[in-house]
Amino acid sequence: MTAATATAVMRTPGQWPWLLLSAGQTAYAPDTGGQAEDLANLRECRDGNGDRFSRIIARHQDRVAAMMWRFTRNPQAHEELTQEVFVQAWQSLGTYRERAPFVNWLARIATRTGYRYWQQQKRERSRVPLELKGLEDKLADEGVAPEPTEAAELLYSLLSQLPPRDRLVLTLRYLEDLSVAETARRTGWSSALVKVQTLRARSKLEKLMQNAWGMQR
Amino acid sequence: MKNEQLLNKLAKQARREQTPSIDVTDDVMAAIAARTAPVNGDSQLALSALAWTAGVAVAITLVVTLLTMPLWRTATGPATEILIAMQI
């Protein structure tokens, strides 16, 4: 989708602002002004002016922090992960070929960093807290919606019981609201694999939801 | 309500969550500076002193090993000593 066909730029907290949404579709469209600024800063970094990287951090840290909040809700780990993304980006600057928007490249690094964190943490998968189980009725009511934080915590708890691959694909598809194509770009998987992985992961999640909410009936 | 719908509703609400605002600029720049800091004079001196110490230690070990080789060849175990005594 090009910028000409996009009808609106939806900027919601935690969502990447360069996603142009039109008629329910999600697609990437480069923010050309921001990209030009990023490229100028990057070239100066490569020319030895390392301080310019602080401008890159300042421009992107809110979005990266919002993304890393999907990977951990522990404030300390969240800050460490966000830092790690930028350190990794700085170390990999030589591999950025300027063909794709810098933000996409940074998002891939953030995804890899978060995924690696989950792999390290996978032995510590949580169980659904009992106090969150009463939400089904609230969710089933069309007119009532849970608070965003409450919904995010519940979803995080549910997803944390899945293996990292399943958790990643569902986080990107549902929480980041990415399309199959964009999820594929972000993860480095094929579109077919993303579809299959999504189906499998969703099936596992539905079983978890049935177990979690079925027990109280 | 089906689980798929529940999931979509949860996700839609979760996307509206205000995420914590943090500023990592200084920490990242400090981490980068620490990784790129050139080796200063004191560090170079310490490294060369360490290298010399290691080299001297290796040389002494070689000399001691060479000197003790003849003793090693003549050395016998305690069991051998007992057997020899019993034969006498």
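Biologist: Which residues does Phe86(A) touch, not counting residues up to four places away in sequence?

Modeller: Happy to start there, and do keep in mind that this is a predicted model. Contact here means C-beta atoms within 7 Å. By that test, and leaving out residues up to four places away in sequence, Phe86(A) has partners in chain A and chain B: Ile57(A), Val24(B) and Val28(B).

Biologist: Which residues touch the most other members of the largest nonpolar core?

Modeller: That core has 23 residues. Phe86(A), the residue you just asked about, is on the list. The full list is Ile57(A), Val64(A), Met68(A), Val85(A), Phe86(A), Leu106(A) and Ala110(A).

Biologist: Which element gives the most to this core?

Modeller: Let's look at the suppliers. At least two residues each come from α2 (53-68), α3 (75-91) and α4 (102-121) of chain A. The top contribution is eight residues, and it comes from α2(A).

Biologist: How many residues are in the other core that lies apart from it?

Modeller: Some of its members are Ala151(A), Leu159(A), Leu168(A) and Leu172(A). This second core lies apart from the one with Phe86(A), and its residue count is 22.

Biologist: What pattern does chain A follow along the sequence?

Modeller: Chain A holds nine helices and three strands. Reading along the sequence, you meet the strands and then the helices. Written out, the pattern is β-β-β-α-α-α-α-α-α-α-α-α.

Biologist: What share of the residues in chain A is buried?

Modeller: A residue counts as buried if 20 or more other C-beta atoms lie within 10 Å of its own. Chain A has 217 residues, and the buried share is 32%.

Biologist: Which element supplies the largest share of the side of chain B that touches chain A?

Modeller: The contact draws on 38 residues from chain A and 25 residues from chain B. On the chain B side, the elements giving two or more residues are α1 (3-14) and α2 (25-36). The largest share is eight residues, from α1(B).

Biologist: How many nonpolar residues does that side of chain B have?

Modeller: Sorting the side by class gives six polar and six charged residues. The nonpolar count is 13.

Biologist: Which element of chain B has the lowest mean pLDDT?

Modeller: For chain B, the mean pLDDT is 84, and 91% of its residues reach 70 or more. Among its elements, α2(B) has the highest mean, 89. The lowest, 78, belongs to helix α4 (residues 78-87) of chain B.

Biologist: What ipTM does the predictor give the complex?

Modeller: The predictor reports two scores for the complex. The pTM is 0.69, and the ipTM is 0.72.

Terms used. Residues are numbered from 1 along each chain as its sequence is written. Chains are lettered from A and ligands numbered from 1 in the order in which they are written. This is a predicted model: local features need pLDDT of at least 70, side-chain atom pairs count only at pLDDT 80 or more; totals for chains, interfaces and linings use all residues. Helices (H or I, at least four residues) and strands (E, at least two) are DSSP runs, numbered from the N terminus. A residue is buried if 20 or more other C-beta atoms lie within 10 Å of its own, exposed if 12 or fewer, and partly exposed in between; C-beta atoms are placed from the backbone. Two residues are in contact if their C-beta atoms, placed from the backbone, lie within 7 Å. Ala, Val, Leu, Ile, Met, Phe, Trp, Tyr, Cys and Pro count as nonpolar, Asp, Glu, Lys and Arg as charged, and the others, Gly among them, as polar. pLDDT is the predictor's confidence in each residue, from 0 to 100. A nonpolar core is a set of buried Ala, Val, Leu, Ile, Met, Phe, Trp, Tyr and Cys residues joined through C-beta atoms within 7 Å.
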